[in-house]
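I set out to look up a few helices and two single residues in this entry. My notes follow in the order in which I consulted the structure.

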Amino acid sequence: MSKKIAVLITDEFEDIEYTSPVKAYEEAGHSVVNVEFEAGKEVNGKHGEKVKIDKAISDVDASEFDALLIPGGFSPDLLRGDDRPGEFAKAFVENEKPVFAICHGPQVLIDTDLLKGKDITGYRSVRKDLINAGANYKDEEVVVSHNIVTSRTPDDLEAFNRESLNLLK
């Protein structure tokens, strides 16, 4: 059954951490909707990838989606300058919908205040932030904690995509 996946993304995202999962999801028959602060604009990846924003975060509700992807790069840090991305992600975690966050992506999950006791990985530089948020930080290529899939770097994309697709079944 086809799932609708929200992608929280803004400028300075890590290109391959967007393109690789999105390609895997679409090849499996799922659809993605890019969400940022302004619909219709184009955001730029760190290495030149351009992504058109489909919906403004003010115009969406987590109930419209089956899952959430948060690519890494500097995008998660920029998203956290506003409370809405964290609140949007919180609704997915609370409702036990699949959440996929790679590299710096788990930074947005910190703002959900729901990481206490959850096994999480992410880019090494955010590990202390994740630990301080109550997460059990694991230095592993992919960590699945109930409905949350996390990975550390682009090197982990194969495992990240595999486990993300498993949760979408």
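Entry 1, helix H6. The model I consulted is a predicted one. I began with H6, whose 12 residues reach 16 Å from the first C-alpha to the last, close to the 16 Å expected at 1.5 Å a residue. I then looked up which residues of H6 are buried, and found Leu157, Ala159, Phe160, Asn161, Glu163, Ser164 and Leu168. The cover over these buried residues includes the helix H1 and the strands S1, S6, S7, S10 (142–145) and S11.

Entry 2, H1 against H6. Since H1 appears in that cover, I turned to the pair. The axes of H1 (residues 15–27) and H6 (residues 157–168) come within 10 Å and cross at roughly 40 degrees. An angle under 35 degrees would count as roughly parallel, and 65 to 115 as roughly perpendicular; H1 and H6 are therefore oblique to each other. I noted the crossing of H1 and H6 as right-handed. On the H1 side the contact is made by Ile16, Glu17, Ser20, Pro21, Ala24 and Tyr25, and on the H6 side by Leu157, Phe160, Asn161, Ser164, Leu165 and Leu168. I recorded the residues of this contact as eight nonpolar, three polar and one charged.

Entry 3, helix H3. I applied the check on length to H3 (residues 83–94) as well. Its 12 residues should span 16 Å at 1.5 Å a residue, and the end C-alpha atoms are 16 Å apart, which agrees. The buried residues of H3 are Pro85, Gly86, Phe88, Ala89, Lys90, Phe92 and Val93. Among the elements that cover them I found the strands S1 (4–8), S6 (67–70), S7 (99–102) and S11 (148–151), together with the helices H2 (75–79) and H4.

Entry 4, Gln107. H4 (residues 106–110) contains Gln107, which I examined next. Is Gln107 buried or exposed? Its relative accessibility is 7%, so Gln107 counts as buried, the cut-off being under 20%. Leaving aside residues up to four places away in sequence, I found that Gln107 touches Pro76, Asp77, Arg80 and Val126.

Entry 5, Asp129. I closed with Asp129, which lies in helix H5 (residues 127–132). With a relative accessible area of 36%, Asp129 is partly exposed. I also looked up its separation from Glu49, 80 residues apart from Asp129 along the chain: the C-alpha atoms of the two are separated by 28 Å.

Conventions: Residues numbered from 1 in each chain as written. Predicted model: local features only at pLDDT ≥ 70, side-chain atom pairs only at ≥ 80, totals over all residues. Heavy atoms only, no water. Axes fitted to C-alpha atoms, helices over the stretch in contact; angles between N-to-C directions. Parallel < 35°, antiparallel > 145°, perpendicular 65-115°, else oblique. Left-handed = near helix turned anticlockwise from the far one by under 90°. Contact = heavy atoms within 4.5 Å. Nonpolar A, V, L, I, M, F, W, Y, C, P; charged D, E, K, R; others polar. Buried < 20%, exposed > 50% of the residue type's maximum accessible area, 1.4 Å probe, protein only. Expected span 1.5 Å × (residues − 1).
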